[in-house]
Amino acid sequence: MDDYNRRHFIRTSLPGFLGLSLALPAITALATRANACQGRLPADGAINWDAFLTAVEKEAAKQHLDHWNQEKYVKQVAALALQLNLKDADLSEAFENSKNGLGNMRPDFYKLEKQRNFEVSLVQFEKGEEIKHHDHPDMTGVLLCATGKIDVWNYDLLPHENDAEKVLLKETAKSTLLKDDVSTLTSKARNIHRLRAHQLTQLVDVCSALQ
Ligand SMILES: [Fe+2]
């Protein structure tokens, strides 16, 4: 058996330690990517619920930086939402619970997550159900269509006097969302919207509060 003393151990382990230090970022990145899919990396690059929340929180926390841009942010969140594995076990309970809302003649809301900078909900519509014009003051929003077909109209509020009894809205976007389509709004553009479903539709709604 080799007889190593303390000095030998330090001398021989130092290059290995330095090598490990250099490789650590790459190892961490690999571990993160593996975690994103619970150790399985599907060809479509789907990410699990935890990885999705972590990524959204990371982007939402940047809102205090000078160069932060709302349009860029909602595009990033939309891209993350499109990567989200909707069959993730952590989401299955909400999708299962949504069956309870069938037949109640109104849209249903199920809270999926609430963090300091953002929250995520599952919103379910049946055929013909709608949410009328409403705004989202100091918020951004990203809607991902998980299933179904729904019309979304977006509007901007035209300039008006503070005490005006009536205001004018300008329609700035209209889209029909099908599975894997997204609709976005920021605090400055498309902030008012309304929705009406053609058929049973489920949306994943990521709403971020600006602070
Ligand atoms: Fe809304």
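1. Let's start with helix 3, which spans residues 70–83 in this predicted model. Its 14 residues reach 20 Å from the first C-alpha to the last, close to the 20 Å expected at 1.5 Å a residue.

2. Which residues of helix 3 are buried? They are Y73, V74, V77, L80 and A81. These residues lie on the same side of helix 3, because they cover an arc of only 120 degrees around the axis. If you turn the view around, the face directed away from that buried side carries E71 and A79, both exposed.

3. What do the buried residues of helix 3 pack against? Their partners are helix 2 (49–60) together with three strands: strand 4 (139–147), strand 7 (182–185) and strand 9 (201–209).

4. The pairing with helix 2 deserves its own point. Two packed helices are described by the angle between their axes and the distance between the axes. Here the axes of helix 2 and helix 3 come within 10 Å and cross at roughly 175 degrees. Angles over 145 degrees count as roughly antiparallel, so helix 2 is roughly antiparallel to helix 3. From helix 2, the contact is made by F52, A55, V56 and E59; from helix 3, by Y73, Q76, V77 and L80. By class, this contact has 6 nonpolar residues, 1 polar and 1 charged. Y73, V77 and L80 of helix 3 may look familiar, as they are also among its buried residues.

5. Now for the backbone. Most residues other than glycine have a negative phi. M105, however, has a positive phi, near 65 degrees. You will find M105 in the loop between helix 4 (89–97) and strand 1 (108–114). Is M105 buried or exposed? With 8 other C-beta atoms within 10 Å, M105 is exposed.

6. D180 is another non-glycine residue with a positive phi, near 70 degrees. The loop that holds D180 runs between strand 6 (169–178) and strand 7. D180 has 12 other C-beta atoms within 10 Å; a residue counts as exposed at 12 or fewer, so D180 is exposed.

7. Finally, the overall picture. How many helices and strands does the protein have? There are 4 helices and 9 strands, and along the sequence they follow the pattern α-α-α-α-β-β-β-β-β-β-β-β-β. Of the 211 residues in the protein, 23% are buried. Among contacts with a separation of 6 or more, 72% are between residues 24 or more positions apart. The packing of helix 3 against strands 4, 7 and 9 is a good place to look in the viewer.

Notes: Residues numbered from 1 in each chain as written. Predicted model: local features only at pLDDT ≥ 70, side-chain atom pairs only at ≥ 80, totals over all residues. Helix = DSSP H or I, 4+ residues; strand = E, 2+ residues; numbered from the N terminus. Buried ≥ 20, exposed ≤ 12 C-beta atoms within 10 Å, placed from the backbone. Contact = placed C-beta atoms within 7 Å. Expected span 1.5 Å × (residues − 1). Arc of directions from axis to C-beta. Axes fitted to C-alpha atoms, helices over the stretch in contact; angles between N-to-C directions. Parallel < 35°, antiparallel > 145°, perpendicular 65-115°, else oblique. Nonpolar A, V, L, I, M, F, W, Y, C, P; charged D, E, K, R; others polar.
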